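Student: Could we walk through this structure together, one question at a time?
Tutor: Gladly! Keep the sequence and the model open beside you.

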Amino acid sequence: MNGASAARTVAVIEDLGFTDVVSIPDGESRHLHQALLDTPDIEVYSPTREGEGIALAAGLWVGGRKPLVILQNTGLMEAGDALRGCGIGPSIPLLLLVGWRGYPGAMAGTSPVDSAYPYTEPLLRAWELPHRRLLSDDDLGVIGEMAAVAEGTSKPAAVVYGYGFTP
Amino acid sequence: MSMERLDVFRALAARRTAEVVITTMTATLQWPLVSSHDLDFDFLAFGMGHASDFGLGLALARPERKVVVLKGDGGLLMSLGSLVTMGRYGPPNLLVLLLENRSYEMTGGQPLAPKVDFVAIARGAGVDKVERIDDMTAFEEELPSLLTEPGPHFVVLPVTNSEPLPPVAHTDHAERVVRLRRGLGLE
């Protein structure tokens, strides 16, 4: 349980046919972000905020592309209106890869607990976004699983990663 | 100087052929008075301030097709970072027309911060082709090139409105998306 490898995660993303990644960099996703930038067949866009990124991804999808959105849980909180308006409401099947800031500390029992930690899964449930946890390479199959859920339901779905990606 | 917004819309509708036109806020109420096209997209209630972000994504996905975004200055202030992203990734087929009325018209006309210079902000954000067009004669002269020449373009249009606004039509969001994708040949 020490995080998935960026290289293996990129291989999964490529195999699933994602054409674009909208990624707002954060510490936990930095190796994944760089690995994606090094992948010539995937376009990477870094908007300035997460709500902007979700709207950008929605436009890509409406135009026929297959985007993946990478954002931290804090950014997910910021992007609520865009997620509602550009994902849930219009039935756009965006897959979100959500960094779970605060998870490692909470699991280690450190104090204080990051206030971003406890709201992440309840928030996803409140939005009725199905999600699975990604904690190591053993869990990489959940990306394809949730991508299928998004496409099957025509709604956004999420994969929540608890630890930073390793190179 | 300023232009009557409906005159701007009439001029655009008269020149428009196969471009996607994305509208938001009060533009969604008046654009249908001059246009009924499969590639019209009503972004109302899709996300505060994000019409041009959506348009950017669509333009990146469909490089063969011009994407025109009609958005207001109040909406832009809700997502100013959009200009930075447009400056970084904006493709040649994106045209953003900023309807500058210096107010939040949709919510009752509350005034914006009065000293904001949207041309300067866009240039500072890295958008290369930025201009301000103040009158209808100049707009009609420039419109053909804005619709055909490579951008991305960001154009500030000072507008007023003296026409009564039609009521908001709350159409289904998913149906709007299906209609646009069908217009693009994707459904």
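Student: Which residue in S9(B) is the bridge partner of B:Val130?
Tutor: Remember as we go that this is a predicted model. Strand S8 (residues 129–132) of chain B and strand S9 (residues 153–160) of chain B run parallel and are joined by four bridges. Within S9(B), the partner of B:Val130 is B:Phe154.

Student: What is the handedness of the β-α-β unit that S8(B) and S9(B) make with helix H7 (residues 136–148) of chain B?
Tutor: The two strands of the unit are parallel, with four bridges joining them. Together S8(B), H7(B) and S9(B) make a β-α-β unit that is right-handed.

Student: Which residue of S9(B) stands opposite B:Glu4?
Tutor: Here we look at strand S1 (residues 3–4) of chain B, which runs parallel to S9(B) and is joined to it by two bridges. Opposite B:Glu4 in S9(B) stands B:Thr160.

Student: And what is the bridge partner of B:Leu99 in S9(B)?
Tutor: This one belongs to the pairing of strand S5 (residues 94–100) of chain B with S9(B), a parallel pair with six bridges. The S9(B) residue that partners B:Leu99 is B:Leu157.

Student: How many of the eight residues of S9(B) are buried?
Tutor: S9(B) is joined by bridges to S8(B), to S1(B) and to S5(B). The strand is mostly covered, and its buried residues number six.

Student: How wide an arc do the buried residues of H1(B) cover around the axis?
Tutor: In helix H1 (residues 5–15) of chain B, the buried residues are B:Arg5, B:Val8, B:Phe9 and B:Leu12. They sit on the same side of H1(B), because the arc they cover is only 95 degrees. It helps to recall that an α-helix has 3.6 residues a turn, so residues three or four places apart point the same way. Their cover includes S1, helix H2 (26–34), S5, H7 and S9 of chain B, and the arc is 95 degrees.

Student: Within what arc do the buried residues of H8(A) fall?
Tutor: Helix H8 (residues 141–153) of chain A has A:Val142, A:Ile143, A:Met146, A:Ala147, A:Val149 and A:Ala150 as its buried residues. Seen down the axis of H8(A), these residues line one face of the helix, since they fall within an arc of 160 degrees.

Student: Which residues are exposed on the other side of H8(A)?
Tutor: The buried residues of H8(A) have cover that includes helix H1 (6–15), strand S4 (95–99), strand S5 (131–134) and strand S6 (157–161) of chain A. On the other side of H8(A), the exposed residues are A:Gly141 and A:Gly152.

Student: How far apart are the end C-alpha atoms of H8(A)?
Tutor: H8(A) has 13 residues, so at 1.5 Å a residue it should span 18 Å. The model agrees with that, as the end C-alpha atoms are 19 Å apart.

Student: Where does B:Met25 lie, and is it buried or exposed?
Tutor: Most residues other than glycine have a negative phi, and most peptide bonds are trans. B:Met25 has a positive phi of about 50 degrees although it is not a glycine. Its place is the loop between strand S2 (20–23) and H2 of chain B. With 23 other C-beta atoms within 10 Å, against a cut-off of 20 or more, B:Met25 is buried.

Student: How many other C-beta atoms lie within 10 Å of A:Ser91?
Tutor: A:Ser91 also has a positive phi, about 60 degrees, without being a glycine. This residue lies in the loop between H5 and S4 of chain A. A:Ser91 is partly exposed, and its count of other C-beta atoms within 10 Å is 16.

Student: Which peptide bond of chain B is cis, with omega about 5 degrees?
Tutor: Look in the loop between H7 and S9 of chain B, the place of B:Pro152. The cis bond there joins B:Gly151 and B:Pro152.

Student: Which helix gives the most to the side of chain A that touches chain B?
Tutor: The contact takes 24 residues from chain A and 28 residues from chain B. Helix H3 (50–62) and helix H5 (80–88) of chain A each supply at least two residues of chain A's side. The helix that gives the most, with nine residues, is H3(A).

Definitions and conventions: Residues numbered from 1 in each chain as written. Chains lettered and ligands numbered in written order. Predicted model: local features only at pLDDT ≥ 70, side-chain atom pairs only at ≥ 80, totals over all residues. Pairing = 2+ DSSP bridges. Right-handed = clockwise from strand over helix to strand, strands pointing away. Contact = placed C-beta atoms within 7 Å. Expected span 1.5 Å × (residues − 1). Buried ≥ 20, exposed ≤ 12 C-beta atoms within 10 Å, placed from the backbone. Arc of directions from axis to C-beta.
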